[in-house]
Amino acid sequence: MKWLMITLLVCICSNIQAQNIDARLTAAIKGLENDAQFKHAILSMYVVDSKTGKVIFDRNAQIGLAPASCQKVVTSVSAFELLGKEYKYKTDIGYSGKIVDTLITGDIHIVGYGDPTLGSWRYNSTTPEGFFTAMTQFLRKKNIRSFKSIVVDDTKWGSQSIPDGWVWEDIGNYYGAGASSFNWNENQYSIILQSGQKVGDKVKVVSSDLGRYHKWINELKTAERGTGDNAYIYLGSNSKLNVLRGTIPLSEKTFTISGAQQNGFNLFVNDFRERALKINLDYSFIEVDGETNFISHLPREIGFDSLLYTYYSPTLDSINYWFLKKSVNLYGEAFVKTIAYEKTKSGSTDTGIAIIKDFWNKNGIEKSALNIIDGSGLSPANRVTTNALVTVMQYAQKQKWFASFYYDLPEINGIKMKDGYINGVRSYTGYVKSRSGEEYTFSFIVNNFDGNPGTVREKMWKVLDILK
């Protein structure tokens, strides 16, 4: 009898707590809806009890909104389930022809299978130095000192690196890097800028990682101190001619911005020439025949005769850490294409998205509630419901790999959650434990707000504080 009384008391307290949270959230959301900054906005919020799934709060939870980077949790959980926590990307290094004495009569072949970490600075094993050192060691084992050229095979995922629906303003900048089957240095490069001494002065391009591969139409101007990085790179109609627009603060001598390449080939060429053969990486024994360090890029797949070795990426859960923590869009697009390639041998975004939507349809999410066209949430054309995002997060809790997924989520405002921001969109989805011990899973999205996005963030955080 005593046990029954305790259980009944706990249930009553829990219901009172849920009713209190619902009332407070209702008042807070009404306050936002009456705020001039949200006059023409759409707000959606969905909160459930993490343990029981009981709905705690629901405001517009079935309306599809642009989720921005909160969409990454869908891609992340899908990758854990459809590829596996221990999945590794591979890159094959082989050669055509024969080895005669110390000479390969044909070419070195590097075949990419979509590894988004190849050449990345985020891991010791993936840096250019790490890759080239490993390559050197295997060539030395075979006593190979000379070859005709290096052929990079970038054919496994087809020719479209950028998903449909991305906007021109994004795709020239580092966060708009497309995913191809051969990626290098996260398909990013740096531009060093020097601003003027007065507002309105022209900005000088000091240098670029791309070297001779690109030219610039430079329309950048100097702005006031403290205005930050408002410089954007626009891809021109000519792939070697980009446009720089916007502003950087005055009196900056070495102001760095990052741009995107839509595959890693040119960046790899630069690194091979500038690092592998010109810094001390034991490459002095390699003598390349013909044009110095000539590298070919295949427009079509051509096999090689013999495999030298296979280079493997870090595991998926390690890649996912940076995908969620630093919101690396390239990793999400690579996950989607990898799912497609592993399941169908067609590494297209559309195929990967179709597989992901089918998977979630079997797990309780209508396809129309997950109306997505990329893996990162960068496209403003994505539409996802907060109900769908919470369903994904609830599903993740029940899986063996959940500890890795939870660890990978950023901690923001004292809450483990993924955040998202694109023009006119702010979003959050995650897990929170209240001071009284209740655990909630939530998603909160605002579209079409007006004014300063920083102010919107602070107002949304105040609403989420109710759950603490």
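## Helix packing, sheets and the largest pocket

Helix H2 (residues 72-82) packs against H9 at an angle of about 35°, and their axes lie 10 Å apart. The crossing of H2 past H9 is left-handed. From H2, the contact takes in Val73, Val74, Val77 and Glu81. From H9, the residues are Leu389, Val392, Met393, Tyr395 and Ala396. Sorted by class, this contact holds eight nonpolar residues, one charged residue and no polar ones. The model is a predicted one.

**The six-strand sheet**

Which strands make up the open sheet of six? The order is S2-S1-S24-S23-S22-S21, and the pairing is antiparallel. Strand S2 (55-59) and strand S21 (411-412) are the edges; each has a single partner strand, so one side of each is left without a neighbour in the sheet. S21 is joined to strand S22 (residues 415-422) by two bridges, and the two run antiparallel. Here Glu411 stands opposite Lys416 in S22. Helix H9 (residues 386-397) packs on this sheet. H9 touches strand S1 (42-49), strand S23 (425-433) and strand S24 (439-447). The direction of H9 makes about 150° with that of S24.

**The three-strand sheet**

Another open sheet has three strands in the order S10-S9-S15, again with antiparallel pairing. Its edge strands are strand S10 (204-208) and S15, each paired on one side only. On average, neighbouring strands in this sheet are turned by 35° against each other, direction ignored. Strand S9 (residues 188-194) pairs with S10 over four bridges, in the antiparallel sense. One of the residues involved is Ile191, whose bridge partner in S10 is Ser208.

The two strand pairs can be set side by side.

| Strand pair | Bridges | Sense |
|---|---|---|
| S21 and S22 | two bridges | antiparallel |
| S9 and S10 | four bridges | antiparallel |

**The largest pocket**

How much space lies in the largest pocket? The volume is about 1,100 Å³. Its lining counts 36 residues. Asp170, Tyr174, Tyr175, Leu378 and Tyr421 lie nearest the centre of the pocket. Several elements give two or more residues to the lining: helix H4 (168-171), strand S13 (230-235), strand S15 (255-260), helix H7 (329-344) and S22. S22 gives the largest share, five residues. That strand also belongs to the six-strand sheet, while S15 is an edge of the three-strand sheet. By class, the lining has 15 nonpolar, 10 polar and 11 charged residues.

Terms used:
Residues numbered from 1 in each chain as written. Predicted model: local features only at pLDDT ≥ 70, side-chain atom pairs only at ≥ 80, totals over all residues. Heavy atoms only, no water. Pairing = 2+ DSSP bridges. Contact = heavy atoms within 4.5 Å. Axes fitted to C-alpha atoms, helices over the stretch in contact; angles between N-to-C directions. Left-handed = near helix turned anticlockwise from the far one by under 90°. Nonpolar A, V, L, I, M, F, W, Y, C, P; charged D, E, K, R; others polar. 1 Å grid on protein atoms, 1.4 Å probe; cavity = no way out; pocket = protein on both sides within 12 Å on 5 of 7 lines; lining within 4 Å. Points joined across faces, edges and corners; volume = space filled by probe spheres on them.
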